[in-house]
Structures are given as C-alpha cells and as structure tokens.
Amino acid sequence: MGRLCKREGSVYMAVQHVSLGVTIVGGGMITNDLLLPSLYHLQRTGLVRNIDICALNTPPLKELKENREFQEAFPGQDFRPHPALSEGPDKLFPELYRDVVAAMAPGNMVVVAVPDNLHYGVVQHALEHDQNVLCVKPLVLKYAQAVEIEKLAAEKGRFVGVEYHKRCDRRSLVARRAYALGQFGAFILGEAKLIEPYYYRFSNFQNWFTCDRTDPFTYIGCHYVDLVYFIAGLKPVEVSVHGVKGKFPNGNEAFMWSHGRVTWENGALLSVTNGLGYPDDAAGSNDQGLVMFCEGKGRSGLLFHDDHYRGVAYSYQEGIGPGGSRYNYVSPDFYRVVPWEGPGYKPVGYGYESVAGITQAIHRMESETAGMAPEAALKARRQIIRKVDAQGLIATPANSSINELVVEAARMSILQNAVPVRILYGEKPHIEIKHP
Ligand SMILES: NC(=O)c1ccc[n+]([C@@H]2O[C@H](COP(=O)([O-])OP(=O)(O)OC[C@H]3O[C@@H](n4cnc5c(N)ncnc54)[C@H](O)[C@@H]3O)[C@@H](O)[C@H]2O)c1
C-alpha cells in the first residue's frame, strides 16, 4: 500500500504503510496502567502489528493476561509473553530480552519499561539491533549515557522518544505557548509536588526502589523539572536534594520522601517535594501540582496547575478506588478507557496521547523512508529525527538531556546529605559539587 506525501521541499515521494512490531521490555505497573492498553489501541488503528512482552519472570505476564479491563476494552487482542507462561514463577530470565529484541526485524519498536537503573542497557541493546525506542522516563541516570544513546541513535538513524507524558497534558501545552508569548513574565519562584500512593511500598518497588538506585526526586520529581524546562525553556544550573529514609515491608531501605531545590539559569528557584506516601484512605490517587511565580513589567505573573483535583469526584459502592478507597478524585485527563464507536473501549488522556505521539513519530519516519535505498533512507531518517529534536515537543536524548544532568546531580546530592551540585554547560556539560 502506498500514498503520496510531501517531504522537505516540494518533492513528492511514495510512502509505504508499515506497521510496527513492538516488544515491551518490562511487564510491571506502567505497562499495565498505560503502555499495553495504549499499544492495543494503536494496534486497532493499524500502527502496531504484533506485541511481545518480555519480563523478568512469569507472574507479571500472567497478571497482564488475566487483566479483566483489557479483556473488556480490547476484546480478541493479545500479546506474546516471554518467558512462556509454562515456566515456573520463581525462575528469572534477566537476559531473555536480548534474544527477543535480537530476533526482531530492523526498524520496529522496543518499549523500555524496566526499573530506572536498567534503561541504559536495554536502550543500547535495542539501538544496536536497529530498533526505534520508546523509553519511560527517566531515559538514563547519567548524562554521559544519554550522550552515548544520542550518538548511537544518530548513527543508526533510529528514533528514541522519552515518554514524559506530562508534556502532552493540554495544560502544559497551553502554558508553553502562553509563556513563549510572554504572557506571564519570567519564571522566578515555584513549587512542584508529586506524592505517589503509600501502597506503592507493598509493590515490586520493594525490590528496586532502594537508596543506592533511586529516590523520589529521581523517580517523579524529574517530571516537573522537565515540565518547567518545557514551559519556560530555562536550563537548571544547581540541584540540592534532601532525602528521608524509611524501610519497605521486606526490610529494604529507601528514600521514602525527598525535598529538592533546583536553581535555574536566570536565578529562579523551584522547590520539588516528592514521596511514596499519599494516604491510601485519601481521595487521591496521588497529590500533585505546579505553581510558578513570574516577574513581569510592573506586575508579577502566575501559573497555577492543580494536577490532583481536576474537578471530578466519585464515591463508589465498593472500594474500587486506588488503595481500596471509595471516595476518589478522578482524573479523566491522564488515562481512562471510555466508550467509542468501535469494539470494547478506547483509551483517552495525555498518557495515551504521549505513547501514541512517539509511536506515530516512529511510524511516520519508517513509512516515509520504507521504499528508499538504504543510504538515502538513513539520511532521511536522520533528518526527520533532527526535526523532532528541534521542535522540542517529544522528549529525545538530544533535546531533553538536561534531565539526565539534573538526575545525576540529584543522586550525588541526596547521597551526600543535600550537598549543592552545580550543572555546568558549555562544550562538555558536566556536574560538580559546589564548594562554599
Ligand atoms: N509516570 C511515569 O512516567 C511512570 C510511572 C511509573 C513508572 N515509570 C517508569 O517505568 C519503569 C518501570 O516502572 P514500573 O512501575 O512498571 O515498575 P515495576 O516494578 O512494576 O515493573 C518492572 C518490570 O520490569 C521487569 N524487569 C526487571 N528486570 C527485567 C529484565 N532484566 N528483563 C525484562 N524485564 C525485567 C519486571 O519483571 C517488572 O515487570 C521505571 O523506570 C519507572 O520510573 C514511569
């Protein structure tokens, strides 16, 4: 199948419709709550062909297979599990994703949804095997790794999109435009908050959310740091993060709460509070929001986003809300399945739109270059990637690696009692401890 499409300049070229084979690496919460249902819907639209999911062992794969909401929303749709479900629940397959990805034909898509500290290895492996990548945030935990990924992706002409879904929230997009038009003035002081539910402490988080690997700022604070960068276009130049430790039920020690201060290139300050502790009994499902005060001409400006209570509250007959609660603040904005003209239900919300946006970008790039000679296709893919980088809407290694600098600085700071860590830009961006 083909159609004519106008690309760069005025040359019309044949476009082949390809559909993407997708392998999701990681079968945990984010795969269940957002990635798989979004990809199921994209399978319906023809963008996605087969879906394979590779996890560390079989229990999460079984849960995904048995998820009633998927069966109701996406009747007849399914994925191929790796390892096979006949394997025992305790047998671990940490390297299996390597074979599954290596077996894919070039130019398809790997979705990386493993714990933060494993992203780097999986993304590199996918690129080495000529795959495009959708990676959940944060892309990686070190700036140097983001640069390596950017280089490898450019060399291969394969797309890497980082799934910072808050960028796709309409309120962020409206704010980005309004800020660029100068409607607020210049950001000067702000507060960002994202407190995830207490019940997370009883999940698989116990096995990886440990002090040596991550912390609340790195895990969720990065969303709002990215958002301030996305809205205001300012670069962060200093980070200090204080952590409060606690223990998971299995005895592993973690930073359960964190308080960060990010200084921006114009001297603005952002306070970032995060934690795994929003009460399960509360109306939730978590607490989050952003406030930005700005300096204008003869008056100040304000951006206030309540991302917690979005104006919808339900009280259920049963305790079907997050954490088993009955009364809930329901966000129709992030991700919900709703009735539509087709079978089952369809996903809506900025979470879905973010996954769809990256998948569509990859699909478009592969479709537009499918019929070309290899060298020409590589050149064209590189051009398309550079255009997305420059546009700055989809987060890519090239346009969002301030996030890796911030995360790297935050990890250094939280492990050394909130020492301020500076981010230095220039030819070789790097971080260093700020000495008094
Ligand atoms: N708001 C967001 O953008 C958001 C929300 C939640 C999670 N995340 C990110 O998603 C990632 C995963 O988080 P989660 O909440 O789903 O965690 P989780 O602990 O629920 O799931 C992790 C999954 O990774 C799998 N896994 C671990 N090692 C593996 C390996 N070697 N090979 C294959 N699979 C392996 C496990 O089997 C498990 O299914 C993290 O990076 C997290 O930061 C992002």
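Me: Before the ligand shell is discussed, how are residues divided into nonpolar, charged and polar?

Reply: Ala, Val, Leu, Ile, Met, Phe, Trp, Tyr, Cys and Pro count as nonpolar, Asp, Glu, Lys and Arg as charged, and the others, Gly among them, as polar. In this predicted model, the shell around the ligand has 17 nonpolar, seven polar and two charged residues.

Me: How many residues surround the ligand, and which are the closest?

Reply: The ligand is surrounded by 26 residues, and the closest are Met 29, Asp 116, His 119, Asn 204 and Trp 208. At least two residues of the shell come from each of helix H1 (29-45), helix H8 (205-208) and helix H9 (216-232).

Me: Which polar atoms of the protein lie opposite oxygen atoms of the ligand?

Reply: A polar contact is a pair of N or O atoms within 3.5 Å. For His 119, an N or O atom of the side chain is 2.7 Å from a ligand oxygen. Backbone atoms also take part: a polar one of Gly 27 is 2.9 Å from an oxygen atom of the ligand, and one of Leu 56 is 3.0 Å from an oxygen atom of the ligand. On its own the ligand has 850 Å² of accessible area, of which the protein covers 92%.

Me: How is a pair of aromatic rings described?

Reply: Such a pair is described by the distance of the centres and the angle of the planes. The whole structure contains 18 aromatic pairs. One of them joins Trp 208 and Phe 209, with 5.9 Å centre to centre and 70 degrees between the planes. This pair is edge-to-face because planes over 60 degrees apart are counted in that way. Ring pairs also link Trp 208 and Phe 209 with Tyr 199, Tyr 200, Phe 205 and Tyr 219 into a cluster.

Me: Are Trp 208 and Phe 209 buried or exposed?

Reply: Buried means under 20% relative accessible area. Trp 208 is therefore buried, at 11%, and Phe 209 is buried as well, at 0%.

Me: Where does a charge sit over a ring?

Reply: Lys 65 places its charged end over the ring of Phe 79, 4.5 Å from the ring centre. Over the face of Tyr 425 lies Lys 235, at 4.9 Å from the ring centre.

Me: Where does His 165 lie, and which side chain does it contact?

Reply: The loop between strand S8 (160-163) and helix H7 (170-180) holds His 165. His 165 counts as buried because its relative accessibility is 10%. The side chain of His 165 makes a polar contact of 2.9 Å with that of Glu 163.

Terms used
Residues are numbered from 1 along each chain as its sequence is written. This is a predicted model: local features need pLDDT of at least 70, side-chain atom pairs count only at pLDDT 80 or more; totals for chains, interfaces and linings use all residues. Side-chain values use heavy atoms; hydrogens and water are left out. A residue is near a molecule or strand if one of its heavy atoms lies within 4 Å of it. A polar contact is a pair of N or O atoms within 3.5 Å; within protein, one must be able to donate a hydrogen and the other to accept it, and residues adjacent in sequence count only if both atoms are side-chain atoms. Accessible areas come from the Shrake-Rupley method with a 1.4 Å probe; for residues, only the protein chains shown count as cover. Helices (H or I, at least four residues) and strands (E, at least two) are DSSP runs, numbered from the N terminus. Rings of Phe, Tyr and Trp (its six-membered ring) pair if their centres lie within 6.5 Å; planes under 30 degrees apart count as stacked, over 60 as edge-to-face and the rest as tilted. Buried means under 20% relative accessible area, exposed over 50%, partly exposed in between (1.4 Å probe, protein chains only). A charge sits over a ring if NZ of Lys or CZ of Arg is within 6 Å of the ring centre and within 35 degrees of the ring normal.
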